[in-house]
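Q: Could you walk me through this structure, one feature at a time? I would like the general idea each time, and then the case in front of us.

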Amino acid sequence: MRKASSCATHGPPRSRVAVRAAIAVFAGLALVGCAGGPTPEETAALVAAPIPAGKARVMIERPSSVLYAAASATIELNGQKVASVGSGGSAVFDVPAGANKIAASAWSYPGTWTLPLEAKAGQTYKVIVEARGASFGPGLLGPVGGMIDAAANDNAGAFQMRVARAGGV
């Protein structure tokens, strides 16, 4: 006859706990890029408001795309973060009239795309932020490929930008 073991198990096996912990960590990392930027209500209020004196308005649009779909585009104006735009998302912000630099980057890919914008007071500029296809090849080499891409190009990173329309958009 076998003697009953005095060891009692409490809770799930360690391997199951480790798997659950790993899933939680990866889910948390996936959501990091989703936070930030104005709420839809704040964006709607800004779009409806008149453009302040001495300012221009920039409307960022990011078309839906499979490439970098999980990475938010971090948008900076003159070195200050103004928005985080996910795939299919948009953002609106006002800029001072004159020379400005709008930059787009992703936390997951080295490099930044910078768009100079000579803004005219009272004007609205529609800027398209889209996945930069030229970054896909170097990205296959992982972070090292991304760093080589960023070092080799003035405008690099996961995203590229262009002014689609200017004026009374």
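A: Gladly, and burial is a good place to start: buried residues, meaning those under 20% relative accessible area (exposed is over 50%, partly exposed in between, with a 1.4 Å probe and protein chains only), make up 30% of the 169 residues in the protein. This is a predicted model, in which local features need pLDDT of at least 70, side-chain atom pairs count only at pLDDT 80 or more, and totals for chains, interfaces and linings use all residues. Residues are numbered from 1 along each chain as its sequence is written, and side-chain values use heavy atoms, with hydrogens and water left out.

Q: How much surface does the protein expose, and what share do carbon and sulfur atoms supply?

A: Accessible areas come from the Shrake-Rupley method with a 1.4 Å probe, and for residues only the protein chains shown count as cover. Here about 10,200 Å² is exposed, with 62% of that supplied by carbon and sulfur atoms.

Q: How many helices and strands does the protein have, and what pattern do they follow along the sequence?

A: Helices (H or I, at least four residues) and strands (E, at least two) are taken as DSSP runs and numbered from the N terminus. That gives four helices and eight strands, and reading along the sequence yields α-α-β-β-β-β-β-β-β-α-α-β.

Q: Which strands pair with β2, and in what sense?

A: Two strands pair if DSSP finds at least two bridges between them. β2 pairs with β3 in the antiparallel sense over five bridges, and Leu77 has Gln80 of β3 as its bridge partner. These two strands form a hairpin with two residues between them, and Asn78 in the turn has a positive phi of about 50 degrees. β2 also pairs with β5, again antiparallel, over four bridges; there Glu76 stands opposite Ala103.

Q: Which residues touch the most other members of the largest nonpolar core?

A: The general idea is that in soluble globular proteins, nonpolar side chains tend to be buried together. A nonpolar core is a set of buried Ala, Val, Leu, Ile, Met, Phe, Trp, Tyr and Cys residues joined through side-chain atoms within 4.5 Å. The largest one has 27 residues, of which Val58, Ile60, Ile75, Val129, Phe159 and Met161 touch the most other members. The elements giving it two or more residues are β1 (55-61), β2 (73-77), β3 (80-85), β4 (90-96), β5 (98-106), β6 (109-119), β7 (124-131) and β8 (159-167).

Q: Is β5 mostly covered or mostly open?

A: β5 is mostly covered, as seven of its nine residues are buried. Ser105 has its place in this strand, and it is buried at a relative accessible area of 17%. Contact means heavy atoms within 4.5 Å. Setting aside neighbours within four places in sequence, Ser105 is in contact with Ser72, Ala73, Thr74, Gly111, Thr112 and Phe159.

Q: What share of the contacts with a separation of 6 or more comes from residues 24 or more positions apart?

A: In this protein, that share is 71%. For a case of distant positions meeting in space, take Pro96 and Ala56: they are 40 residues apart in sequence and 6.2 Å apart C-alpha to C-alpha. Pro96 is found in strand β4 and counts as partly exposed at 34% relative accessibility. Leaving aside neighbours within four places in sequence, Pro96 contacts Gly54, Lys55, Leu77, Asn78 and Ala119.

Q: How many salt bridges are there, and why do they tie parts of the chain together?

A: Side chains of opposite charge can pair when their charged atoms come close. The rule asks for a side-chain nitrogen of Lys or Arg within 4 Å of a carboxyl oxygen of Asp or Glu, and the count comes to three. One joins Arg57 and Asp94, with the closest N and O atoms 2.7 Å apart. Arg57 lies in strand β1 and Asp94 in strand β4, so this pair ties together parts 37 residues apart in sequence. Both Arg57 and Asp94 are buried.

Q: Where do the partners Glu61 and Lys126 lie?

A: Glu61 lies in strand β1 and Lys126 in strand β7, so the pair ties together parts that are 65 residues apart in sequence. Their closest N and O atoms are 3.5 Å apart. Glu61 is partly exposed at 33% relative accessible area, whereas Lys126 is buried at 15%.

Q: And what about Arg162 and Glu130?

A: Their side chains meet in a salt bridge at 3.4 Å, N to O. Arg162 lies in strand β8 and Glu130 in strand β7, so parts 32 residues apart in sequence are tied together. Arg162 is partly exposed with a relative accessible area of 41%, and Glu130 is partly exposed with 23%.
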